[in-house]
Amino acid sequence: MRHSNDPARHLDEQRVIEDHAQTAQKLTLYRGSVGVWGNILAQARLPMPVTDLFYIDTHCGAGRHGSREHPDEWVIGTPLIACHEARRLQRRYPRIKVHVRAVDRDRRWIAHLRQHVQPFLESNHERDRVDVQLFAEPFEKMLPELLAEATSHNAPSLWFIDPHGPKIPYSTVSLLQGPERGPEVIINLDMLGIWRVDAAARNRVDERFDWILLGDPAAQRCLNELFGGRQFWENIADRSLSFRDNMPKLAAAYAERFQRFQFRSHYPLRASHSQLRQIIHLCHSRIGREKFHDEYVRSQDFGVLAGRHLDQVTRAHAARRYWQSYRGEATSLDRLFGEGTQSFDRGQIRAISATADEERYARYDERQGMIHWFDERGVDPADEVYQPTLFNN
Ligand SMILES: C[S@@+](CC[C@H](N)C(=O)[O-])C[C@H]1O[C@@H](n2cnc3c(N)ncnc32)[C@H](O)[C@@H]1O
């Protein structure tokens, strides 16, 4: 029985992802977009080729979400998705080094995450080691420092800003508009939170002076901070229309605050448990926008079998079955396809092999197309006790 309010566990660890379509879609979209972003930059023919990339997660959580369907009863959250993607890119592109930075102001979640990232810090394979650093700090404090770090490497950075509510000051987030060859930003914007605060901000209009807004000052301050000024939010919502009709207007008004990004898009996530969110995507390149859009479309389609694209849980079960058949052996992708012990096409077998690597059943060499199945499944880092001195922060 899962407890719904265990203070020692993050809300995401206690909830079951299968009951939260919106979170599931967020993770699918994040996974798809971090991979595509890294591939584009690693392959880009630029006068100064890219050597370093940064994945920066400003509200990282504890690294896991509960699951009913996954064989381990959990799936990984955004900071661990970034670590696996970093490792995959480093193996595939020998000149690329990927840095992962994850921030959460709550020390408890950073402590959980520290355990889960140990394999990335300690691996014997040089290209499997990832420069991961975790910070138990408010993102408002860390964003300028992390931006300066990425800029000092002249490195592109992909930022994911995923707060519970609308408390993300524009004065902080807008710093990401600065460097040209630099940040691309994904923001998970809490539209219902904004709508409620907007209602509170307006709820006391002085009838004698209808141009004077006497709403809740705290709510007004919250929106002023989010949008970077009253004039950018107060004439957007039309309270005679429904929330659903207003949601795209508010999301667009927010995205338009970041004029120095050439491409500013917003996409609704599936609604779940009275949560309504829009993903804001800010970038400088047309191809970046198109690829993100493709990943969004794909994320709308997740399910047990979304066309050719297997979801994470289906891949996890398939990886486990392959491991049970081939443990201790090295197999090529072609062999798995040819022997047909499971009826997947080559693309699907590739995706399952990546999951087998991620879930400690095998080491997948993407360049060679080989999977080295372990005799014994790798140990879950959360089951091991690490010395605090091993932590790098
Ligand atoms: C929605 S959860 C993150 C989930 C994670 N991105 C994932 O999908 O796996 C939001 C997290 O933001 C953290 N948080 C809230 N305010 C913050 C702030 N000002 N700075 C950094 N973290 C914050 C909370 O502690 C919480 O763990």
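Into which domains is the protein divided? I looked that up before anything else, and the split is domain 1, covering 11-303, and domain 2, covering 312-381. Note to self: this is a predicted model.

**Entry 1, the two domains**

I checked how far apart the domains sit. Taken over C-alpha atoms, the centres of domain 1 and domain 2 are separated by 31 Å. Then I looked at where they touch: 13 residues of domain 1 contact 10 residues of domain 2. On the domain 1 side, helix 3 (78-92) and helix 4 (107-122) each give at least two residues to the touching face. I sorted that side of domain 1 by class and got 3 nonpolar, 6 polar and 4 charged residues.

**Entry 2, the ligand**

Which residues are closest to the ligand? I found His59, Gly61, Gly77, Phe139 and Asp162 in that spot, out of 17 residues that surround the ligand. The shell splits into 6 nonpolar, 5 polar and 6 charged residues.

**Entry 3, helix 7 against helix 8**

Next I went to helix 7 (residues 191-202) and helix 8 (residues 217-227), whose axes come within 7 Å and cross at roughly 130°. Why call helix 7 oblique to helix 8? Roughly perpendicular stops at 115 degrees and roughly antiparallel needs over 145, so the crossing angle makes helix 7 oblique to helix 8. I also noted the hand of this crossing, which is left-handed. From helix 7 the contact uses Val197, Asp198, Ala200 and Ala201, and from helix 8 it uses Ala219, Gln220, Cys222 and Leu223. By class I have 6 nonpolar, 1 polar and 1 charged residues in the contact of helix 7 with helix 8.

**Entry 4, helix 7 against helix 9**

I stayed on helix 7 and turned to helix 9 (residues 243-255). Here the axes of helix 7 and helix 9 come within 10 Å, and they cross at roughly 100°. Helix 7 and helix 9 are therefore roughly perpendicular to each other. Helix 7 brings Met191, Ile194 and Trp195 to this contact, while helix 9 brings Phe243, Asn246, Met247, Leu250 and Ala251. I count 7 nonpolar, 1 polar and no charged residues in the contact of helix 7 with helix 9.

**Entry 5, helix 11 against helix 13**

Last stop was helix 11 (residues 312-326) with helix 13 (residues 346-358). What angle do helix 11 and helix 13 pack at? I read about 80°, with the axes 8 Å apart. That angle makes helix 11 roughly perpendicular to helix 13. On helix 11 the contact residues are Arg315, Ala316, Ala318, Ala319, Tyr322 and Trp323. Their partners on helix 13 are Ala351, Ile352, Thr355 and Ala356. I wrote down the classes for helix 11 with helix 13 as 8 nonpolar, 1 polar and 1 charged.

Definitions and conventions: Residues numbered from 1 in each chain as written. Predicted model: local features only at pLDDT ≥ 70, side-chain atom pairs only at ≥ 80, totals over all residues. Near = placed C-beta within 6 Å. Nonpolar A, V, L, I, M, F, W, Y, C, P; charged D, E, K, R; others polar. Axes fitted to C-alpha atoms, helices over the stretch in contact; angles between N-to-C directions. Parallel < 35°, antiparallel > 145°, perpendicular 65-115°, else oblique. Left-handed = near helix turned anticlockwise from the far one by under 90°. Contact = placed C-beta atoms within 7 Å. Domains from an automatic or database assignment.
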